[in-house]
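This briefing goes through one protein chain by topic, from its overall layout to individual side chains. Please keep the sequence and the three-dimensional view at hand while reading.

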Amino acid sequence: MQPFVSLMSLSESTWAVPRTLPLSERLARWCHAFVATPSIYGDEALLADRVEEWGRGIFGGDAVRIGNSVILGRRHGDRPAIGLFGHLDTVPPPSGTVDPCQIDGAFVRGLGSSDMKAGLAVMCALAEDCLE
């Protein structure tokens, strides 16, 4: 297992996740992108901006922004639709602590890494794969 490494020091743009990567790598990079972007409750606009920008690239005009909520996709025709719902915000770190985004071997650690940012990573990968 590799030691903790700050993900913020990675030079590659975390919001450019190549679809050609294996799914596990894509999910790790998506999760990293979400966790590395601060989004404490009430201050999640930066993350919403990034999700909206990515969503417009995938869904085009079917991306809607309402405050810090981003709605991506739309039902077309008679085909069944699936709704995936999540949240972008996290709770603040405990008083007097710093919560850096870190990678530890195969694990992404940081605020929201399991609730809800890993789930958001799955949603992004699903959206990309289903629209191909």
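Helices and strands are here DSSP runs, with at least four residues for a helix (H or I) and at least two for a strand (E), numbered from the N terminus. On that basis the chain of this predicted model reads β-α-α-β-β-β-β-α along the sequence, which comes to 3 helices and 5 strands.

**Overall layout**

- The protein chain has 132 residues, of which 32% count as buried.
- Among contacts between residues at least 6 apart in sequence, 60% join residues at least 24 apart.
- The chain exposes about 8,300 Å², and carbon and sulfur atoms supply 59% of that area.

**Nonpolar core**

- The largest nonpolar core holds 22 residues, and within it Trp15, Trp30 and Phe34 touch the most other members.
- Helices α1 (23-36), α2 (45-59) and α3 each supply at least two residues of this core, and α1 gives the most to it, with 6 residues.
- When residues up to four places away in sequence are not counted, Trp15 touches Trp30, Ala33, Phe34, Thr37, Leu47, Arg50 and Val51.

**Salt bridges**

- A search of the whole structure finds 7 salt bridges, several of which are described in the points that follow.
- Within helix α1, Arg29 and Glu25 lie 4 residues apart, about one turn of the helix, and their side chains meet in a salt bridge at 2.8 Å, N to O.
- Both partners of that pair are partly exposed, Arg29 because its relative accessibility is 23% and Glu25 because its relative accessible area is 32%.
- Asp129 forms a salt bridge with Arg26, with 3.1 Å between the closest N and O atoms; because Asp129 lies in helix α3 and Arg26 in helix α1, this pair ties together parts that are 103 residues apart in sequence.
- The two ends of the Asp129 bridge differ in exposure class, since Arg26 is buried at a relative accessible area of 3%, whereas Asp129 counts as partly exposed at 36%.
- In helix α2, Glu52 and Arg56 are 4 residues apart and therefore separated by about one helical turn, and their side chains meet in a salt bridge at 3.1 Å, N to O.
- Glu52 is buried, with a relative accessible area of 16%, under the 20% cut-off for that class, while Arg56 is partly exposed at 39%.
- Glu52 and Arg56 also belong to a network of salt bridges in which they are linked with Asp49 and Arg65.

**Surface and loops**

- Ile82, Leu84, Val122 and Leu126 make a nonpolar surface patch of about 390 Å².
- Of these residues, Ile82 is placed in the loop between β3 (69-72) and β4 (102-104), and Ile82 is exposed, with a relative accessible area of 78%.
- Ser114 has its place in the loop between β5 (107-109) and α3 (117-130), where Ser114 counts as exposed at 68% relative accessibility.
- Although Ser114 and Cys31 are 83 residues apart in sequence, their C-alpha atoms are 9.0 Å apart in space.

**Cysteines**

- The structure holds 0 disulfides.
- Cys124 counts as buried because its relative accessibility is 5%, whereas Cys130 is exposed, with a relative accessible area of 63%.

Technical notes
Residues are numbered from 1 along each chain as its sequence is written. This is a predicted model: local features need pLDDT of at least 70, side-chain atom pairs count only at pLDDT 80 or more; totals for chains, interfaces and linings use all residues. Side-chain values use heavy atoms; hydrogens and water are left out. Buried means under 20% relative accessible area, exposed over 50%, partly exposed in between (1.4 Å probe, protein chains only). Patches are made of residues with over 30% relative accessible area and no salt bridge: like charges are joined within 9 Å, nonpolar side chains (Val, Leu, Ile, Met, Phe, Trp, Tyr) within 5 Å. Accessible areas come from the Shrake-Rupley method with a 1.4 Å probe; for residues, only the protein chains shown count as cover. A salt bridge is a side-chain nitrogen of Lys or Arg within 4 Å of a carboxyl oxygen of Asp or Glu. A nonpolar core is a set of buried Ala, Val, Leu, Ile, Met, Phe, Trp, Tyr and Cys residues joined through side-chain atoms within 4.5 Å. Contact means heavy atoms within 4.5 Å. A disulfide is a pair of cysteine sulfur atoms within 2.5 Å.
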